Amino acid sequence: MARDAMNNANTKDPIEKYVMPLAQRLGNNRHLIAIRDGMALVMPFMIIGSLFLILAFLPFPGYEEYMTESGLMDKLLLPVGATYDLIAIFATLGVAYRLAQKYTQLDPIIAAAVALAAYMLVTPYNITHTIEATGEEISVSGINLAYMGSAGMFLGILIAIYATEVYRWLMVRNISFKLPDSVPPAVLKSFAALIPAFVVLTSLWLVRLAIEAADLGNLHTIIENILTAPLKLIGGSYIGALVATTMEHALWAVGIHGSNIVSSIMLPIWLVFTDENRIAFQAGTEIKNIITDQTNSIFLNFGGSGSMMALVLLLAFRARSEQCRSIGKLGLPSSLFNISEPIMFGLPVVLNPIMVIPFILAPVVGLTLTYIGMASGLVALPAGISVPWTTPIFIGGYLSTGGHISGAVMQLINLLAAMAIYYPFMKKWDSICLANEKMVTQETPEEDEKAALSF
């Protein structure tokens, strides 16, 4: 028996042996979870800003000219600046807060405040201004919004993690400012963070002084050159998006929430591209980025992960078995709002060797078609408008491209392609379910007769 157990261990599926443990470790990594949950703080503000952006640029003839001449354009764009232009601040606060929640010794709000102070410490307070009359450039003191927006988001995430981990390291070792127990708890918590905050700020202050002494610019430019630029090069390419899409759905197929893992890694990159497109759309200049957060959520995951709307429609209207038809009709309302769990676990798709193939293939084909359509100029690029992921199909494509009907047409093409991919696999699964139903129907009278005789 020992030899049999050893043989079973040696013949274990490589995916189960190597991939699953790695995916589970990534899925449970507190820093990735903190990034994922912390970035969720950014999304509501981007959606609010997007609403005002849509109102400022409604696709009606003469509308933009009227808004500009009447002065209403600048007023409508004020909430856009108060949301999109502060993405790095929201990310810093959110990641630090969520990471601190993983540690019982820390107060999350204090961790967020320390991280924010640390981020502002490494950010230069100077703005270059050009005098129109002479063309001379002068530097004036002030907060440069370029560092507060998406351009500073990666640095904000890194500082949030650094500040919170230093805070935790000192608190675990009981290195904190002590006050008598008679002091109110809120004051005790605040002063307990005095030494950790001092260590974090002092260390980053010394880093800033060293960078300036070496004439290397600032920490923002260093992170941009070392980390942000390579990540953007990978994440903004078709190959990078293809790997991310395949990994997300492959993890889903084995029962791991692939969207959570992939979004922890890719969402900060894609949000940078979203904001770059928003700036170009707002300025009326050329939009350049095809791969953004909206490309993934709107053009690939309609109906939920795996382009699930295609499978739901086939189940509801083309399936012959009662089980598949019922599941399809049950999942249709939620699928309209891009929620796929009823089908994912009800059909099921997860751990289903028949449905896993189209589940991975449909979004990959959708990505390819979308990239070709946008790169060729036939389909409008995402305009940097953060449409909620629950927006129904066609409406999402229209709004995310800044009011271009080509966005909705692209979603329709992807939906039809996904239905063609799912159809033969759905028929196979439907035939299995139908055969099982017939078998149960045939066995039931015999079982009833046996039960009557025994009684």
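**Exercise 1. Count the helices and strands of the protein chain.**

Solution. The protein chain has 23 helices and 2 strands. Both are DSSP runs, numbered from the N terminus: helices are H or I with at least four residues, strands are E with at least two. The model is predicted: local features need pLDDT of at least 70, side-chain atom pairs count only at pLDDT 80 or more, and totals for chains, interfaces and linings use all residues. Residues are numbered from 1 along each chain as its sequence is written, and side-chain values use heavy atoms, with hydrogens and water left out.

**Exercise 2. Place Ile290 and decide: buried or exposed?**

Solution. Step one: find the element. Ile290 sits in the loop between helix H16 (258–283) and helix H17 (293–299). Step two: apply the cut-offs. Buried means under 20% relative accessible area, exposed over 50%, partly exposed in between (1.4 Å probe, protein chains only). Ile290 has 11% relative accessibility, so Ile290 is buried. For the whole chain, 45% of the 455 residues count as buried.

**Exercise 3. Find what Ile290 touches.**

Solution. Contact means heavy atoms within 4.5 Å. Leave out residues up to four places away in sequence; then Ile290 touches Thr295, Tyr371, Met374, Ala375, Leu381 and Pro382. Now take Leu381. Leu381 is 91 residues from Ile290 along the chain, yet their C-alpha atoms are 5.9 Å apart.

**Exercise 4. Describe Thr295 and its link to Ile290.**

Solution. Thr295 lies in helix H17. Its relative accessible area is 2%, so Thr295 is buried. The Thr295 side chain reaches the backbone oxygen of Ile290 at 2.5 Å. Beyond four places in sequence, Thr295 is in contact with Ile290, Leu300, Thr370 and Pro382. Pro382 also touches Ile290.

Conventions
A polar contact is a pair of N or O atoms within 3.5 Å; within protein, one must be able to donate a hydrogen and the other to accept it, and residues adjacent in sequence count only if both atoms are side-chain atoms.
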